[in-house]
Amino acid sequence: MKKYYIDLGSSTIKVYQFEQNLTLLEEHSIYFKNGFDKEKGISSLNLKELCEYFSYLKMKYQFLYENTYIYVTGIFRELCDERKVELVKLFNDQLDLHFNIISHGIENYYLARAMENDYNDKKVLIINMGGKTTELVTYVGSKVTETKNLMVGVADLLNQFEQVNDPKSGNKVEEMDQFVQEKLSDIKLDQDYDCAIFTGGEERFELLTDFSLVPNTLFNDGIHNYMISLENYIKGTEHVFYEMTMEDLYRLMPQNPKWMDGARAGAIIPLTLFKKANIEWIIPSDLNLIHGVINDLK
């Protein structure tokens, strides 16, 4: 039986199919932060779009309770218990699906499982950023040695910097970096990492926008084929901010152009962390927690 795994975060829904391999079928962006209230829930407009999208998915892929697994993260964890129960009941009653809000600890666990590798005995910082939160996992060799949960995400930058998505950004990389530095001033990071892996569709994004990627010579896992220097990551980010328009970015992802609304802001938190941890080489990755779920089943 085909099985379906859905990663439902603060702004993007990713739909995967698993038979022998995990395949990304489609994705859809909804800005759940807009109109969000912990006590009242997500906005009525977003709730309507969420239900309509899952009704469409259920019909298109023949979702059943026993073959569909939804992992909900990010902003949904902030809901009061009553609103969480309402969403679970709504998905159960209307769609016959389970709305599974997972804890930050479980998300860290699956992220670590997704990224399991010996990394050629390197010390690696894994960065998994969402709309409202950012997770850090440190691997040394093949073992997780530390995890951190940061309460900052793309939505914080989009709320603070209203001109970042002007046709060409009206906000500067430096001012946004400074904002994140101040938010993370109490966070201490090691200074001896061999590289950082930035997950969640970053490889696809950097390939689409012509970042200066080179072959990954740090380790060979058959998945992460590229790396980029911090200097060229900054140059690529500046290119996306100041030389590409938002229309240029939308055209690169016609199936889900709204994803690109977080592209500029989404480059800044990792940039701050790279500098804070003295990272020289960055490995872009398309892996996320669903890959960890699958690895956990093997």
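Ala, Val, Leu, Ile, Met, Phe, Trp, Tyr, Cys and Pro count here as nonpolar, Asp, Glu, Lys and Arg as charged, and the rest, Gly among them, as polar. The views show a predicted model, where local features need pLDDT of at least 70 and side-chain atom pairs pLDDT 80 or more, while totals for chains, interfaces and linings use all residues. Residues are numbered from 1 along each chain as its sequence is written, and side-chain values use heavy atoms, without hydrogens or water.

**View 1. The largest cavity holds about 680 Å³ of space.**
Ser 11, Thr 12, Met 129, Gly 130 and Gly 131 are the closest to its centre, out of 39 lining residues. A cavity is a set of points on a 1 Å grid over the protein atoms alone where a 1.4 Å probe fits but cannot get out, and a lining residue has an atom within 4 Å of a point. Points are joined across faces, edges and corners, and the volume is the space filled by probe spheres set on them. Sorted by class, this lining has 17 polar, 12 nonpolar and 10 charged residues. Two strands, β2 (12-18) and β6 (123-129), and three helices, α4 (154-160), α6 (202-208) and α9 (263-266), each put at least two residues into the wall. Helices (H or I, at least four residues) and strands (E, at least two) are DSSP runs numbered from the N terminus. Helix α4 gives the largest share, 3 residues.

**View 2. A second cavity has about 40 Å³ of space.**
Around this second largest cavity sit Leu 125, Leu 136, Val 137, Thr 138, Glu 146, Thr 147, Lys 148, Leu 189 and Tyr 193. Strands β7 (134-140) and β8 (143-150) are the elements that give two or more residues to this lining. Here the class split is 5 nonpolar, 2 polar and 2 charged. In total, the model has 2 cavities of 30 Å³ or more.

**View 3. Seven strands make an open sheet with mixed pairing.**
Reading across, the order goes β8-β7-β6-β9-β12-β11-β10. The edges are β8 and β10 (214-215), each pairing on one side only. Strands count as paired if DSSP finds at least two bridges between them. Zoom in on β6 and β7, and you'll find an antiparallel pair with 7 bridges. Along this stretch, Met 129 stands opposite Thr 134 of β7. Met 129 also turned up among the residues closest to the centre of the largest cavity.

**View 4. Helices α3 and α10 lie across strands of the seven-stranded sheet.**
Helix α3 (residues 104-114) crosses β6, β7 and β8, at about 45 degrees to β7. Angles run from 0 to 180 degrees between N-to-C directions, with axes fitted to C-alpha atoms (for helices, over the stretch in contact). Helix α10 (residues 268-276) lies across those three strands plus β9 (195-198) and β12 (281-284), at about 155 degrees to β6. Is α3 mostly covered or mostly bare? It is mostly covered, with 8 of its 11 residues buried (under 20% relative accessible area with a 1.4 Å probe, protein chains only; over 50% is exposed, and in between is partly exposed). Among the buried ones are His 104, Glu 107, Asn 108 and Tyr 110. Their cover includes β4, β6, β7, β8 and α11.

**View 5. Five strands form another open sheet, in the order β3-β2-β1-β4-β5.**
Strands β3 (22-29) and β5 (99-101) sit at the edges, each with pairing on one side only. On average, neighbouring strands are turned by 20 degrees against each other, direction ignored. Strands β1 (residues 3-8) and β2 run antiparallel, joined by 6 bridges. Within this pair, Leu 8 has Ile 13 of β2 as its bridge partner. Helix α1 (residues 44-61) packs on the sheet, touching β1, β2, β3, β4 (68-72) and β5, at about 150 degrees to β3. Helix α11 (residues 289-297) lies across β1, β2, β3 and β4, at about 140 degrees to β1.

**View 6. Helices α5 and α7 pack at about 115 degrees.**
The axes of α5 (residues 173-183) and α7 (residues 230-242) are 11 Å apart. Val 173, Glu 174 and Met 176 of α5 meet Thr 237, Glu 238, Phe 241 and Tyr 242 of α7, with contact meaning heavy atoms within 4.5 Å. By class, that's 4 nonpolar, 1 polar and 2 charged residues.

**View 7. The largest pocket has a volume of about 290 Å³.**
A pocket is an open set of points with protein on both sides within 12 Å along at least five of seven lines. Of its 18 lining residues, Ile 223, Leu 287, His 291, Asn 295 and Lys 298 lie nearest the centre. Helices α3 and α11 each supply at least two lining residues, and α11 has the largest share with 3.
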